[in-house]
Amino acid sequence: MRIDIFTLFPEMFAGVLSSSILGKAREKELVDFQVTNFRDFSESKHGTVDDTPYGGGGGMVLKPEPLFRAVEALLPGGKKPRVILMCPQGVTYNQSLAEELAQEEHLVFICGHYEGYDERIREHLVTDEISIGDYVLTGGELAAMVVIDSVVRLQPGALGNQTSAVEDSFSTGLLEYPHYTRPAEFRGWKVPDILLSGHHANIERWRLKESLRRTKARRPDLLSKLELTGEMKKLLAELEREQGQEKSAEEKS
Ligand code: ADE
């Protein structure tokens, strides 16, 4: 996969793209990152990339020419990549969009830092607009890093243990079950006996039940979207029963 990033602050990406899973993915040549300062594509000798808005008002607007020139320099014919504008007005990012983007051979990210983008960038250069949530950042860089991180870790071979991406929260439609490691007892807090039992079928059942318990408590919206298997229905009924019993015990005490 190739990822091109256009930004006025290329230095922001250095640490993130060279560390941890992203750094290893690059070393293993699973992904190639190119970070370009689009100020280098300005037509003015002062490197101007923004201007005041037509019609007046405050703030500055990113001019179309530098970004069109920068992105078009990458595209000498052939298959056109998805060109993603990071902005709060975009579609809200989620794991299924991460999975979709992870299938692409080439992604281009545009990160701006100004009041706005000239609308012709949105209409004629960009294929996707993505927001990472309903809040406003100072620029698109941090948002692009979030998207890039979540896409690169899905590349085959990027994670040491390939099953860990398959079992992620959101990939399964459920939040992950609780994890434990040694010691079996820490400050009097014990690891659930079942995890020490070596009984794989019971452990799998416990994990599914705990995933359901957590998703029901924290993200009931996810649960209502999920197509439940027979086993899930049985476990949810068990949870309901247990919670009912706990409630009546509390009321008695
Ligand atoms: N740029 C500024 N805020 C943003 C957000 N929430 N998502 C994506 N890009 C942004």
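Salt bridges are a good place to start: a search of the whole structure, which is a predicted model, finds 18 of them. Side chains of opposite charge can pair when their charged atoms come close. Three of these pairs are set out here.

| Salt bridge | Closest N to O distance |
|---|---|
| R82 with E100 | 2.8 Å |
| R122 with E129 | 2.9 Å |
| R219 with D221 | 2.9 Å |

Let us take the pairs in turn. R82 and E100 form a salt bridge. Which parts of the protein does this pair tie together? R82 belongs to strand β5 and E100 to helix α4 (residues 95-101), so the bridge connects parts that lie 18 residues apart in sequence. Are the two partners buried or exposed? With a relative accessible area of 15%, R82 is buried, because anything under 20% counts as buried. E100, at 39%, counts as partly exposed.

The second pair joins R122 to E129. R122 is buried, at 14% relative accessibility, whereas E129 is partly exposed, at 23%.

In the third pair, the side chains of R219 and D221 meet. R219 is partly exposed, with 29% relative accessibility, and D221 is partly exposed too, with a relative accessible area of 32%.

Salt bridges can also link up into a network, as they do for R205, K209, E210, R213, E238 and E242.

Now for the overall layout. The protein is divided into domain 1 (2-152) and domain 2 (185-252). How many Å separate the centres of the two domains? Taken over C-alpha atoms, the centres are 42 Å apart.

Two residues offer another look at distance. S224 sits in helix α10 (residues 220-225), and its relative accessibility of 62% makes S224 exposed. S224 and F68 are separated by 156 residues in sequence, and their C-alpha atoms lie 43 Å apart in space.

F68 brings us to helix α3 (residues 64-72), where F68 is one of the buried residues, along with P64, P66, L67, A70 and V71. An α-helix has 3.6 residues a turn, so residues three or four places apart point the same way. What covers the buried residues of α3? The cover includes strands β1, β4, β5 (82-92) and β6 (106-110), together with helix α5 (119-124).

Strand β4 also takes part in a sheet. This open sheet has 3 strands in the order β3-β4-β7, with mixed pairing. β3 (50-51) and β7 (116-117) stand at the edges with a single partner strand each, so one side of each has no neighbour in the sheet. How do β3 and β4 pair, parallel or antiparallel? The pairing of β3 with β4 (residues 61-62) is antiparallel, over 2 bridges. Here D51 stands opposite V61 in β4.

Finally, let us turn to the surface. Which residues make a nonpolar patch of about 420 Å² there? The patch is made by F9, M12, Y135, L137 and L142. Among them, M12 is found in the loop between β1 (2-7) and α1 (14-18). M12 has a relative accessible area of 32%, which makes this residue partly exposed.

Technical notes:
Residues are numbered from 1 along each chain as its sequence is written. This is a predicted model: local features need pLDDT of at least 70, side-chain atom pairs count only at pLDDT 80 or more; totals for chains, interfaces and linings use all residues. Side-chain values use heavy atoms; hydrogens and water are left out. Domain bounds come from an automatic or database domain assignment. Two strands pair if DSSP finds at least two bridges between them. Helices (H or I, at least four residues) and strands (E, at least two) are DSSP runs, numbered from the N terminus. Buried means under 20% relative accessible area, exposed over 50%, partly exposed in between (1.4 Å probe, protein chains only). Patches are made of residues with over 30% relative accessible area and no salt bridge: like charges are joined within 9 Å, nonpolar side chains (Val, Leu, Ile, Met, Phe, Trp, Tyr) within 5 Å. Accessible areas come from the Shrake-Rupley method with a 1.4 Å probe; for residues, only the protein chains shown count as cover. A salt bridge is a side-chain nitrogen of Lys or Arg within 4 Å of a carboxyl oxygen of Asp or Glu. Contact means heavy atoms within 4.5 Å.
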